[in-house]
Amino acid sequence: MPFTELGLAPELSRAVAEQGYETPTPIQARAIPAVIAGRDVLAGAQTGTGKTAAFVLPILQALSQSSGGHTPRALVLTPTRELAAQVAESARKYGRHLRTRICVVFGGVSINPQIDALEAGCDLLVATPGRLLDLAGQRAVDLRGVRHFVLDEADRMLDMGFIHAIRQVLKLLPDRRQNLMFSATYSDDIRDLATRMLRDPVTVEVAPRNATADRVDQQVYRVPKEHKRHLLAHLIRDGGWHQVLVFTRTKHGANRLAEQLAGAGIATAAIHGNKSQNARVRALTEFKTGKTTALVATEVAARGLDIKELPFVVNYELPNVPEDYVHRIGRTARAGGAGRAISLVAPDEAGLLKDIERLLRRSLSVTANPEFVVVPEQRAAHGSGAPAARAPQPKPQSPRHPARPSGRSFGAQRDRRRWGSSRG
Ligand code: AMP
């Protein structure tokens, strides 16, 4: 079905064509007509399905068909700054042939330019909850004119503890409005919120509940914790990977791994909540433009990152919440692309892996470890009783294949002994 059959205005169809979109994704094909018809929508769709256009396009259409005053007529609430910025960027692209005024507000940056932008007039406002309430408290934004309200990545909102903030925002909105709720996963809390927020919603689900994108090739390597970074460096170098998003559980872990990979000759940056907004944007830009090979990110920082056709996602540590696995691997095999998601699983993570497999309703295939070199920690050389440890001695490097530091070799043989011949 072409975009033109969805009932979109010519200005929007044109903008979409300019983006190179030929046909609507399933979520777009189903949600756009429902939103145009004025219905509330509950959509189960993960990132990468084209969900942003699924709500932005019909809302832009509605806004262009009615005249507005000074205050926002549509509000999109997102859990993270990055997602807010990306939704606004998409809205600007899709709305380029319309006169819709789009504003974005989030924390971590100066509030004054945001106040100025709102004062200048705004039709579609994209916001994170904290900054929005801050602005409302300062009377810098008036939400009484909102006719269309979108809660994007609602599950993540709840995970991040935003339920109270969401309730506060809802109180600032008029009763008569259209509500759209997007969530990659459904918990009882999400269903609860949907029941309270939505009126007779059209339910749109594009993938089976909690299913991961079929196109993602998911692999598991069983590897002791202390060998993970060596295996990862090996996979990146040996596979000639040029763009890989790596997930760690903590900010500290992200920094450390980024340093270790950089030390192994792999251009790496870290992105997490302790970094300034500018540092995050720079890291993301360098990653998108191929200046860095690996981007190490924590869960929250990576949410909503739109990196087109990301070929590799690595779970350096498995997430504590199985649903987060679905979010993480949603970074690869995005609309139309294919991708691989690799999980490095240490013995103490076996339980987390089981939880994920239970959620997916299938087991993940375990790949035998390749031969890889373990470089002893540099500081171990100063310790006592540690095996003779040498600092990495990089050989002269060829541009395509950085030299491997000397060290012990681990491979399939050793791995099978440790884990047994089949999965534990
Ligand atoms: P989203 O799920 O909204 O984050 O979108 C994921 C990616 O798919 C973005 O890079 C969009 O630009 C792209 N995209 C959205 N809709 C389409 C479409 N109909 N055809 C091709 N790409 C699309």
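These legends walk through a few close-up views of a predicted model of one protein chain.

**View 1. The whole chain, before we zoom in.** Start by getting your bearings: the protein chain has 16 helices and 16 strands. It is 424 residues long, and 44% of them count as buried. Now take the contacts between residues with a separation of 6 or more: 75% of those link residues 24 or more positions apart.

**View 2. Helix α2 and what covers it.** Here we look at residues 26-36, which make up helix α2. Which of its residues are buried? They are I27, Q28, R30, A31, I32 and V35. A handy bit of background: an α-helix has 3.6 residues a turn, so residues three or four places apart point the same way. The cover over the buried residues of α2 includes two helix-or-strand neighbours you can find early on, β1 (41-44) and α3 (51-65), along with β6 (178-183) and β7 (202-205). Just after α2 comes G38, with a positive phi near 90°.

**View 3. The seven-stranded open sheet.** Follow the strands across and you'll read β10-β11-β9-β12-β13-β8-β14, with parallel pairing. Which strands stand at the edges? Those are β10 (268-271) and β14 (365-366); each has a single partner strand, so one side of each is left without a neighbour in the sheet. If you're wondering what holds such strands side by side, strands of a sheet pair through backbone hydrogen bonds, either parallel or antiparallel.

**View 4. Strands β12 and β13, with a helix packed on the sheet.** Strand β12 (residues 312-315) runs parallel to β13 (residues 339-345), and four bridges join the two. Look for V314, which sits opposite I342 of β13. Helix α10 (residues 228-238) packs on this sheet, touching β8 (216-222), β9 (244-248), β11 (294-298), β12 and β13. The direction of α10 makes about 160° with that of β13.

**View 5. Strand β8 and its two partners.** How many of the seven residues of β8 are buried? Five are, so β8 is largely enclosed by the rest of the structure. With β13, strand β8 pairs in the parallel sense over seven bridges, and Q218 has A341 of β13 as its bridge partner. With β14, β8 also runs parallel, joined by two bridges. There, V220 has V366 as its bridge partner.

**View 6. Helix α12 over β10 and β11.** Last stop: helix α12, residues 277-288, lies across β10 and β11. The helix runs at about 140° to β10, the strand we met at an edge of the sheet.

Technical notes:
Residues numbered from 1 in each chain as written. Predicted model: local features only at pLDDT ≥ 70, side-chain atom pairs only at ≥ 80, totals over all residues. Buried ≥ 20, exposed ≤ 12 C-beta atoms within 10 Å, placed from the backbone. Contact = placed C-beta atoms within 7 Å. Pairing = 2+ DSSP bridges. Axes fitted to C-alpha atoms, helices over the stretch in contact; angles between N-to-C directions.
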